[in-house]
Amino acid sequence: MMSQMIIRRIGIGIILLWVVSVLIFALTQVLPGDAAQIRLGQQATPETLAALRKELGLDKPWYMQYLSWMGNLFTGNLGISAAGGATIESLIGNRIGNTVFMTGIVALISIPLSVLLGLLAAMFPGQLLDRIITSGTLGLIAVPDFFVAIFLILLLAVSLGLVPAVSYLSGTEGFWRSVYVLALPIATLVIVVSAQMIRMTRAGILNVMGSPYIEMAILKGVPRKTIILRHALLNAIGPIVNVIALNLAYLVSGVVVIETIFAYPGLAKLMVDGVQTRDIPLVQACGMIFCCTYVILILIADIASILSNPRLRHPK
Amino acid sequence: MTTKRPGDLGFNDLSSMDREVIKSALRQGATRREVMGYLMASGATIAAAGTIVTGAQDALAMTPKKGGQIRFAWDLHGPSDTLDPILFTSSLDYGRGRLNYNNLTRFREDLTVGPELATEWEANADVTEWTFKLRKGVEFHDGSKFTADDVVYSMKRHLGKESLSKAKVLVATVKDWVKVDDFTVKAVMEEPNAELPIILGTFHFKIVKNGTTDFSAPTGTGPYITKEFKPGVRSVHDRNDNYWNTDHEGPYVEQFEAFGITDNVARVNALLSGDIQMMAQLDPKALKQIEDSPNAEVFAVPSGAYPTISCMLDKEPGNNPDFVMGLKHLQRRDRVLKVIQKGIGAIGNDQPVGPAYGADWCKAANDPVAFPYDPDKAKSLLKKSGITGAELHVAEVSPGMTDMCLMLQRECTKVGFNLQIKKVPNDGYWGAVWMKQPMNVSSWNMRPSANIMMTLAYKSDAPWNETQWKNERFDKLLAMARAELDASKRAEMNCEAQKLCAEGSGSLISTHRAYIDAKSPKVKGFPRVPIAAFGGMEWPEFIWLDA
């Protein structure tokens, strides 16, 4: 049952990847100018444009360009960046590590933190602690991430000098040193993603708390703590893991602003750079990675919710 | 030399406050000439002013120290970063190039060139051949010897239809490069060009090792060895202790790290908190913040770079001369300089050469400007043209561009002319809008000489002739000047060309910019060449860290 579902999901994922690649290709064709035009910019002459287009293979018809990209992909060759001539592997290589590292640390801190705070808020709905948590998180959701980032830089790096303002790893740092260098972007992202997860956890649990079997448990005299931890939380896991998965995917693909402000070389900024330079191989590679991340994370979330909820294992 | 007369003041006779004012002016980038100008304006004699400035310069000068590490952050970087000289785009590329490689010639602060990998050069009688004698005993970082083969290979990469070189228009008239012997090369040209040695001092004409095709970790002869290069991430450069230049003790700094912080605010914060020691492209809005901080100071060099509004003369409405003249009379050049550029820069005269070009700038042709602010005259000219409105396409291609256009729009409204501003994204601007829409904007960096600048952007058949102004006499003057080795005759032709261009072109050039960067006060010894950011990116072998 479960393995069937996983195989079907992987199949859908592959089709999705293909669709995304076609879409990305089509959209990059619609943008004004091609990689040669952008790379030469103000310095373009018809002659250099023609020479560069030939070098990059942009003089071929669009379907040939797409097919040759597909062909390369199947032989495990991601191609050459049209913007600078470096291999896509070398551009993506260390950025994947950076992105995974940061996402990992942020997840390690923010997931337990938000589940805990969400539980606390749900345990005492309407009381002072709940009020503080809900209004605090609402405020943080409303504030844009770059504002949080600049504020933390001004306070902790420029005024107090506690942590560096740019998150810049040379690759030789140990684990704790890396965490220190990345302290500000980690703090910013934890604040940004936790707020949403806390509210979702609280809402999910309170939602379950209204159902008849919880009422039954209350009537039986089960203590509120036990009800929440044993009955409500397990049933609320489905929506909570889905929100967690979406937030993790956001950490991989959507943190352009944070990467820009802290000069942290990650994947999200790379994709934006790729779009700006019409670097189709690079945009495609990033697109594939982001799509895979979403497919895998949502798959994991679904598996987790099925495991936590026996009813979903036996659909009618 | 100036001599001090009895009764004149020396630097140390001034009050400590006056001393600080002069020292800080010098530190913040005023040249000796500029400071002497201030002093003489307030009544000092030339001799006294000279003595005072020399004293202040001595007080500033200290013996350079060796060692230390400098991190510098640029405003642009990405996957298009490259170490291939013919493809250099950003000034970050230029800086990395200057760290890793050398040119044949090197720019001095007055925009003449001196020897680098070439020790001497001379032209034949009709200036169609240049012969360069090369420096002996220079080694690449990998230990191989530098010879004529490396020069011929590097230079030929700019020639021919298939060349991808971004600077090939500068050497389009060079037919061939010939090796004469191991340490002599010759450039053979189709037409005379007295400025070839100057062109070869610019960023794209770095000498790479013969046969290099992979530029992911290229060797060079430069003052620093590239240890690591990741496009869009960072590069690391270690001091080359085997550097050929023994005229000075440099290179001084142990190691450079280069990367980009594209966000303006974040870049300033990184400098203020001491995480980096140099940052490019200071937003004029942050000038005060930098000046107030003990950790940072402004490094500004007035340059010939300029933002411009172009009316294409081959399209409506630019093909109506009264319309163009009318707009030119509506430029409030002094206000653009004061408000948008915070006073740093120079007044422009609708032609591309500014005072920063030194001897190439013709005062007689440009001061006063050809079309001063005159709303009444503008009103009657616009009325005569019969045109009541126009559309200007604007992208923020240089800082303050949009504000400048809005300022022009306001002046137009005052005289009853409807100038519509259409804001378009920077993304794809050069291919989709520039030189396509009848009225558009652009931004030019400084070029090494007035002739090169005017040839690139105003020669009748130039691919980048952005206003499509065509003038036979102007073209002829440019060609004659290139063939002329006599400086005073060349200056005369230069003057006439600048006058023609100011009066005839469709460009509205209100001001010339300065390159405004910022650095830690501990980093010292910057040359001040005005052709690119941070003193022409000539700093790598000269600057040092006063720890």
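How many bridges join strand S5 of chain B to strand S7 of chain B, and which way do the two strands run? Hold that thought for a moment. One thing to know before we start: what you see above is a predicted model.

OK, back to the strands. Five bridges join S5, residues 129-134 of chain B, to S7, residues 184-189 of chain B, and the two run antiparallel. If you want one pair to look for, find Phe132(B): its bridge partner in S7(B) is Val185(B).

Now zoom out a little. Those two strands belong to an open sheet of four in chain B, in the order S4-S5-S7-S6, with antiparallel pairing. In general, strands of a sheet pair through backbone hydrogen bonds. At the edges of this one you'll find S4 (118-123) and S6 (174-181) of chain B; each has a single partner strand, so one side of each has no neighbour in the sheet. Going from one strand to the next, the twist averages 20°. There's also a helix packed on the sheet: H5 of chain B, residues 148-156, which touches S5, S6 and S7 of chain B. The direction of H5(B) makes about 175° with that of S6(B).

Right, over to chain A. Here we have 15 helices and zero strands. Its C-alpha atoms fill a box of roughly 85 × 60 × 35 Å along the principal axes, and of its 316 residues, 38% count as buried.

Let's pick out two of those helices, H9 (183-209) and H11 (224-253) of chain A. Their axes come within 8 Å and cross at roughly 150°. Anything over 145 degrees counts as roughly antiparallel, so that is what we call H9(A) and H11(A). The crossing of H9(A) and H11(A) is right-handed. Who meets whom? On the H9(A) side, look for residues including Leu189(A), Val193(A) and Met197(A); on the H11(A) side, Ile228(A), Ala236(A) and Val243(A) are among them. By class, this contact has 16 nonpolar, five polar and no charged residues.

Last stop: where the two chains meet. Chain A brings 46 residues to the contact and chain B brings 37. On chain A's side, the elements giving two or more residues are H2 (35-40), H3 (46-56), H5 (88-123), H7 (145-159), H12 (256-261) and H13 (267-276). Which helix gives the largest share of that side? That's H3(A), with six residues. By class, chain A's side has 25 nonpolar, 16 polar and five charged residues.

That's my tour, thanks for listening!

Technical notes: Residues are numbered from 1 along each chain as its sequence is written. Chains are lettered from A and ligands numbered from 1 in the order in which they are written. This is a predicted model: local features need pLDDT of at least 70, side-chain atom pairs count only at pLDDT 80 or more; totals for chains, interfaces and linings use all residues. A residue is buried if 20 or more other C-beta atoms lie within 10 Å of its own, exposed if 12 or fewer, and partly exposed in between; C-beta atoms are placed from the backbone. Two residues are in contact if their C-beta atoms, placed from the backbone, lie within 7 Å. Ala, Val, Leu, Ile, Met, Phe, Trp, Tyr, Cys and Pro count as nonpolar, Asp, Glu, Lys and Arg as charged, and the others, Gly among them, as polar. Two strands pair if DSSP finds at least two bridges between them. Axes are lines fitted to C-alpha atoms, for helices over the stretch in contact, and angles run from 0 to 180 degrees between N-to-C directions. Angles under 35 degrees count as roughly parallel, over 145 as roughly antiparallel, 65 to 115 as roughly perpendicular and the rest as oblique. A crossing is left-handed if the near helix is turned anticlockwise from the far one by less than a right angle, and right-handed if clockwise.
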